[in-house]
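Visitor: Could you walk me through this structure, one question at a time?

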Amino acid sequence: MTLTEKELLTSKEAAEYTRLAHQTVYDYTHKKRIPHQKIGKKLLFRVSELDKWLLYGGDEAASIKVTNERE
């Protein structure tokens, strides 16, 4: 599957999607608690990974599991 713009969210969009505060999403990225990719200075989030992350419990262990599935 090819990534399209609609499959990638900014941190603000990811916060809205997950119903978390924007600052919480930002903090989680620094703690590696939420799956994300950093391209330059931009933080991007795949919708499919956020869905899995939420399904797996939305914590650091879930983030690790989702990230390992990516690789």
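Visitor: Before the details, which residue in S3 stands opposite leucine 8?

Guide: Happy to start there! This is a predicted model, where local features need pLDDT of at least 70, side-chain atom pairs count only at pLDDT 80 or more, and totals for chains, interfaces and linings use all residues. Residues are numbered from 1 along each chain as its sequence is written, and side-chain values use heavy atoms, leaving out hydrogens and water. Opposite leucine 8, in S3, stands arginine 46.

Visitor: In what order do the 3 strands lie in the open sheet?

Guide: Strands are DSSP runs of E with at least two residues, helices are runs of H or I with at least four, and both are numbered from the N terminus. Two strands pair if DSSP finds at least two bridges between them. S1 is joined to S3 (residues 42-46) by 2 bridges, while S2 and S3 pair over 3 bridges. The pairing is antiparallel and the order is S1-S3-S2.

Visitor: Which residue takes a positive phi in the hairpin of S2 and S3?

Guide: Isoleucine 39 stands opposite lysine 42 in S3. The hairpin has 2 residues between its strands, and the one with a phi near 65° is glycine 40.

Visitor: Which helix gives the most to the largest nonpolar core?

Guide: Such a core is a set of buried (under 20% relative accessible area, 1.4 Å probe, protein chains only) Ala, Val, Leu, Ile, Met, Phe, Trp, Tyr and Cys residues joined through side-chain atoms within 4.5 Å. The largest has 13 residues, with Val25 and Phe45 among those with the most contacts inside it. The top contributor, with 3 residues, is H3.

Definitions and conventions
Buried < 20%, exposed > 50% of the residue type's maximum accessible area, 1.4 Å probe, protein only.
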